[in-house]
Structure formats: structure tokens, C-alpha cells
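I opened this entry to record what I looked up, in the order in which I looked it up. The contact between the chains came up before the fold and the packing.

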Amino acid sequence: MKPLDEPLETLRRLLQEARPKIDRPIEIILIGGAAALLSQAVNRITEDIDILASSKTVSILQKAGALKFPIQPVADSFLCLHPDYRMACSYVRELSFPPKIRVYRLSPLDLAISKLSRFQQVDIEDIEAILKKERTSKKKFLNRYATARAYYTNPRDTDFNVRLLVRKIYGVEFDPKTDLPKPKAKA
Amino acid sequence: MTNRCERAQKAARIEPFSMSNRSGCKIFVIKYTLLMEPNLKTTLARNLKALRLKAGLSQSDLARKAATPQPRVAVMESTENTTLPRLEWLQRVAVALGVSVSSLLADEPRAKGQLFSTLPENADNLAAHLKELGAPLSGRAKKNRSFSPEAVVLGVLRVVPSARMVECVPGLLATGAMDYEKLFRLAKERNLLNRLGFVVEVAALLAEQKRLRGNVSALRSLAKKLWKEKVTGTEDYLMAEKPVDPELRDRVKKKTPELGKKWGVYGAYSLERFSEAFRRAA
């Protein structure tokens, strides 16, 4: 097995130490840099591990003493995410301790979409790297984004960023007002 | 006819060859081989390399800017080069270097020794050095040659392999294990005064937050010195590739912190991410 990178190794150690103190099964979804690193699209990341977890899971982790640096819980309501993001997640065997702790990572496409709202220098680089590595077609990207934006609080800002990205990565003009596909209902 | 051709060949370096037409008549065709003066070729190769290094560009950077393949640049920089560049190629390269075509062919005395100090260029090498200096990076890194911390900082600012590496630079400067004089000299040499000025000012802010008083004053005086030498009238982007799309350029400018705008260095960086990288540094 390939050795884990430093921050992921810390996460594995923290979860391993917390395992005896956890009395019910929990699920954690890795997002941001950690998920990008596991998807092998991005080579270098800073040491932050953002996780998506329910409030119940967060309190269990807190009680077990696992919620310390570099782990940071994030609420999914603040992210631009497809409503079915859980179904597209991949199981991370190296970090899981079944049956109590199961760790998943966000799918690369959802990860790229979740980075659209902040759109800083690192995000632009990451989205480009992910879409190129996964060879995601424009149609697939826009279909996923159209549904995700329907559940997001500030889609106007992300629309502008998507327009710039489509032009940069796929080299075609895209108008969110007319060219955006219809969002698909939750499965 | 043959004698005339031979005479012409001797006089004007014209190479004749014969071919037959459909009716079998031999026709003589004169093929002109434009031969460049050997001295001019060497001058071009020497000037091209010197001007490229002066502009702080690698062969790939210049190739990208001038829309030409990198091997073509390498061939033209070689003194053993036998090919003649087209005038439009020379013009494209001159524009990319910000010089005139005549300066590419100007016969100036050869510079003695190496023109500039060597800076690391390879992304994996830079990542390995940054990690060694305590930058919070993970992932692929391979050290293939040793460089001083100052050269590593300037190398990152010159090549900009990734935004994450740039984010680590102010944190490294704030800890103060650098020779500021050397940093200034290297930045001046490579025309990176604005970029260094921006990260030095961010580093001063970070050092102030951490109450590292000695470092704050040293960084502020370095920033002042850089400000005096600041290159004016340039639009510098602290990004792996300058955004071509005007709307993306505007977006990046909008997201640039005030300090970046002050130095004329643009990039969608946030001060929070700089301080986060500093907080997490070893």
C-alpha cells in the first residue's frame, strides 16, 4: 500500500485513537485538499483536512477527542454541491476503521464544483487539474453543476466563475442564462 | 551554361541542380541556399540566450510567449545551429523578450562568465526545498540539487509552479532565517522586485501578527528598499500562466489583495491563506 501523506496520516492516527471511545458507527466525507490529494489530481496541498459530517458525528468525534488540528468540520449547506454527492463518494479503505468509522472522499467532479464558490488562485488551479485529470467533458460538468447550483444560496457568483472556467478549459463561449441545462431532480 | 552556373555558385553561394521536364529536356534550376554568416549565427545565439536570461525566462517560458516550440528556441540558442530563422520568428521572439529585432542581432562583446546566479526551476525540486525549510506542503517532491533559501524563494516567485507554493513564501520570510541583502540582490538581478516586495510586505504583516518585532523592522526596511527600486509601468501576474481572457484577468485583479495592487502584482490570493500557511508551517 502506498504510504499516506502527512496530514492524512495524522487523520488516520486521530481516528485510530478515537475508535475505542466511539460507541456507534459514524461516516465522514473528506472534501477540499484532502480529497484532491486522494484523487491524485493535485500534487501538493496545504495541511488542512476539511470533513463533511452530520452534527451528531461532529459531537461524537469531539467527545472522542479526534476533532483537533488538522481536522476541520464543514457544513454542507455552505457549499455548492450536488444533492446526490453522497452517492458519488468513494470509500477510503486506508483511513477507515469498520464497522465503527467509515471514511469517504468526495468524487472529483463534485470536488471541482464545490471549489467554484471561493474561486481563489488555488481553487482555479485545482479545478483545472481535476477536470483535466478526470477528462471530464463539458456536458458532464455543466449537467452536474446545473443541479448543484439549484441548491446553492449564491448561484450568480458561481455562474460567472463557471463561464470563465468553461472558456479557459474547454475554449468555448458559455452563457449561463441560455446554455445551462435544466437541473435534474434528486434521485 | 554549366560554366556560368559554376561561376555563379562560387560568387554568390548558389547551388545549382538539374532536372528533366516531361519532354525529356534538361532544365537547370538554381536553388538558392541562404547562408547566414557564421558570425551572425553565433551572435544571434549568444544574444538570444543573454536576453532571455535577463528577462528571467526559461526556454519553455519564451517558447510559450513567442508561440514557438521549445526545441526551436534551444536550436537557435546553440552556437552550432545551422538553420536560419524567419524574420517573423525573430520578430515574435523580440516582442516576447521586450526588445527590438536589431538588438537580437547586435554584435556586442561577449559577457564574461555566467550572467546571473542560478535559481531552481523544477517544481518538484522547489517543493522539496520548501518542505525542508518548513513549508506546510505534502505530495510529490524530489530534490535534485541544493540551493540557498534565498534562491528557493526567488525561484518560486519567478517560476510560480503553484499558488500553494507562493502561499508558503511569506511565512518563510517572516521566520527570518534569510539573508535579506542576498534576496534584494537576486531580485534586482532577475527583475523580480515587485513580486518580492509584495511577499515581503505580507511577511511583515504576518511577523507583526506573531509579534516577531526584530523580523518586522528588518522586513519593513527591505520593503522600503525594494519600493525605491520598484519597476513601474508593468503589469505583473503572480500566476503560473497569465490569464489571457480579459474577464478572468479582471476577476483576478478584483480578488487581488490591496498589497498586491500596491506593487502591481496580481493574483487571486487572500491574506487569510497566507496566514494559514504560516500558522501551519513547521
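**Entry 1: the contact between the chains.** I began with the contact between chain A and chain B, which takes 18 residues from chain A and 23 residues from chain B. I note at the outset that this is a predicted model. On the side of chain A that touches chain B, I found that helix H1 (6-18), helix H6 (121-134) and helix H8 (155-169) of chain A each supply at least two residues. The largest share of that side comes from H6(A), which gives four residues. Sorting the side of chain A that touches chain B by class, I counted seven nonpolar, four polar and seven charged residues.

**Entry 2: chain B as a whole.** I then turned to the secondary structure of chain B, which comes to 15 helices and four strands. Of its 282 residues, 33% count as buried. When I took the contacts in chain B between residues at least 6 apart in sequence, I found that 64% of them join residues at least 24 apart.

**Entry 3: the nonpolar cores.** Which residues have the most contacts inside the largest nonpolar core? I found A:Leu30, B:Leu173, B:Val200 and B:Ala203 in that position, in a core of 111 residues. Helix H11 (residues 193-209) of chain B gives the most to this core, with eleven residues. I followed B:Val200 further and, leaving aside residues up to four places away in sequence, found that B:Val200 touches B:Leu173, B:Leu219, B:Leu222, B:Ala223 and B:Leu226. There is also a second, separate core of nine residues, which includes B:Leu48, B:Val73, B:Met76 and B:Ala96.

**Entry 4: H11(B) against H12(B).** How is H11(B) set against helix H12 (residues 213-229) of chain B? The two pack at an angle of about 160°, with their axes 9 Å apart. Because angles over 145 degrees count as roughly antiparallel, I entered H11(B) as roughly antiparallel to H12(B). I also noted that H11(B) passes H12(B) in a left-handed crossing.

Looking at the residues that meet, I listed B:Leu196, B:Val200, B:Ala203 and B:Ala207 among those in H11(B), and B:Leu219, B:Leu222, B:Ala223 and B:Leu226 among those in H12(B). Charged residues also take part, including B:Glu201 and B:Glu208 from H11(B) and B:Arg220 and B:Glu229 from H12(B). By class, the residues of the contact of H11(B) with H12(B) divide into twelve nonpolar, two polar and four charged.

Definitions and conventions
Residues are numbered from 1 along each chain as its sequence is written. Chains are lettered from A and ligands numbered from 1 in the order in which they are written. This is a predicted model: local features need pLDDT of at least 70, side-chain atom pairs count only at pLDDT 80 or more; totals for chains, interfaces and linings use all residues. A residue is buried if 20 or more other C-beta atoms lie within 10 Å of its own, exposed if 12 or fewer, and partly exposed in between; C-beta atoms are placed from the backbone. Two residues are in contact if their C-beta atoms, placed from the backbone, lie within 7 Å. A nonpolar core is a set of buried Ala, Val, Leu, Ile, Met, Phe, Trp, Tyr and Cys residues joined through C-beta atoms within 7 Å. Axes are lines fitted to C-alpha atoms, for helices over the stretch in contact, and angles run from 0 to 180 degrees between N-to-C directions. Angles under 35 degrees count as roughly parallel, over 145 as roughly antiparallel, 65 to 115 as roughly perpendicular and the rest as oblique. A crossing is left-handed if the near helix is turned anticlockwise from the far one by less than a right angle, and right-handed if clockwise.
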